[in-house]
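Biologist: I am new to this structure. Please show it to me, and then we can go through it by question and answer.

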Amino acid sequence: MLERAAISICAVTLFVVMAVGAADIILGEVFGVFLSFKVDMSGTLAAAAIFLAWPLVQRHRAHIGVDLFQPYLPRAVKVAGWWLSQMMGLLVFGLIAYGAIELALDSVSFWEKSAATLGYPIWPAKVACAVGALLTIMVLVLQAIGGSSREIPEQ
């Protein structure tokens with residue numbers, strides 16, 4: 001449920017980035033007027049989209065990976081590697097979540113807005129980043145509780 005909401009908000013966020021980019025190109029080519037806020041908004045929304053997509057990527061183990069040697073490793077080494085990756089993921093995402101929560105709380109405390117001419121609110125994107133990081137930690141914990149036996153093939 002939470003993951004579905006996160007990925008839905010991610011999709012909307014990416015749609016807004018795409019729509020703003022398309023509008024900027026069309027307005028620039030047709031009327032010679034470019035949107036002054038496009039760079040700030042695109043960066044802010046892209047960060048939120050990435051954070052909101054992380055839980056789904058982690059759950060599906062859809063990370064970019066190079067597995068040249070993995071098929072030749074014994075199962076015990078694969079299991080140890082799986083546990084190491086889970087623990088490192090918890091450490092890294094824990095630190096990211098801590099920082100993201102700190103930034104979000106600070107941003108919400110004064111209802112932060114962009115410095116661009118439009119002055120749109122930035123705090124929702126920072127809250128989305130914190131939520132995405134926390135959801136990713138939840139996925140990592142649930143995967144660790146479930147154990148590695150289902151995730152690693154016997155070969």
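Modeller: A place to begin is F69: at 62% relative accessibility, F69 counts as exposed, where exposed means over 50% relative accessible area, buried under 20% and partly exposed in between (1.4 Å probe, protein chains only). This is a predicted model, in which local features need pLDDT of at least 70, side-chain atom pairs count only at pLDDT 80 or more, and totals for chains, interfaces and linings use all residues. Residues are numbered from 1 along each chain as its sequence is written, and side-chain values use heavy atoms, with hydrogens and water left out.

Biologist: What is the pattern of the protein chain along the sequence?

Modeller: Helices (H or I, at least four residues) and strands (E, at least two) are DSSP runs, numbered from the N terminus. The protein chain has four helices and zero strands. Read along the sequence, the pattern is α-α-α-α.

Biologist: Where is F69 found?

Modeller: F69 helps to make a nonpolar surface patch together with V66, L68, L73 and V77. Such a patch joins nonpolar side chains (Val, Leu, Ile, Met, Phe, Trp, Tyr) within 5 Å, from residues with over 30% relative accessible area and no salt bridge. F69 is found in the loop between α2 and α3.

Biologist: Which element gives the most residues to the largest nonpolar core?

Modeller: A nonpolar core is a set of buried Ala, Val, Leu, Ile, Met, Phe, Trp, Tyr and Cys residues joined through side-chain atoms within 4.5 Å. The largest has 16 residues, of which C10, A48 and L52 touch the most other members. The elements that give two or more residues to this core are α1 (2–31), α2 (38–60), α3 (75–109) and α4 (123–146). The one that gives the most, with seven residues, is α4.

Biologist: Which residue meets R59 in a salt bridge?

Modeller: A salt bridge is a side-chain nitrogen of Lys or Arg within 4 Å of a carboxyl oxygen of Asp or Glu, and the whole structure holds three. R59 is partly exposed, with a relative accessible area of 44%. At 2.6 Å, N to O, the side chain that meets R59 is that of E3.

Biologist: Is D24 buried or exposed?

Modeller: The side chain of D24 meets that of K38 in a salt bridge (3.6 Å, N to O). This pair links helix α1, which holds D24, to helix α2, which holds K38. K38 counts as partly exposed at 24% relative accessibility. At 7% relative accessibility, D24 counts as buried.

Technical notes:
Patch = residues over 30% accessible without salt bridge, like charges linked within 9 Å, V, L, I, M, F, W, Y side chains within 5 Å. Areas by Shrake-Rupley, 256 points an atom, 1.4 Å probe, with all protein chains shown as cover.
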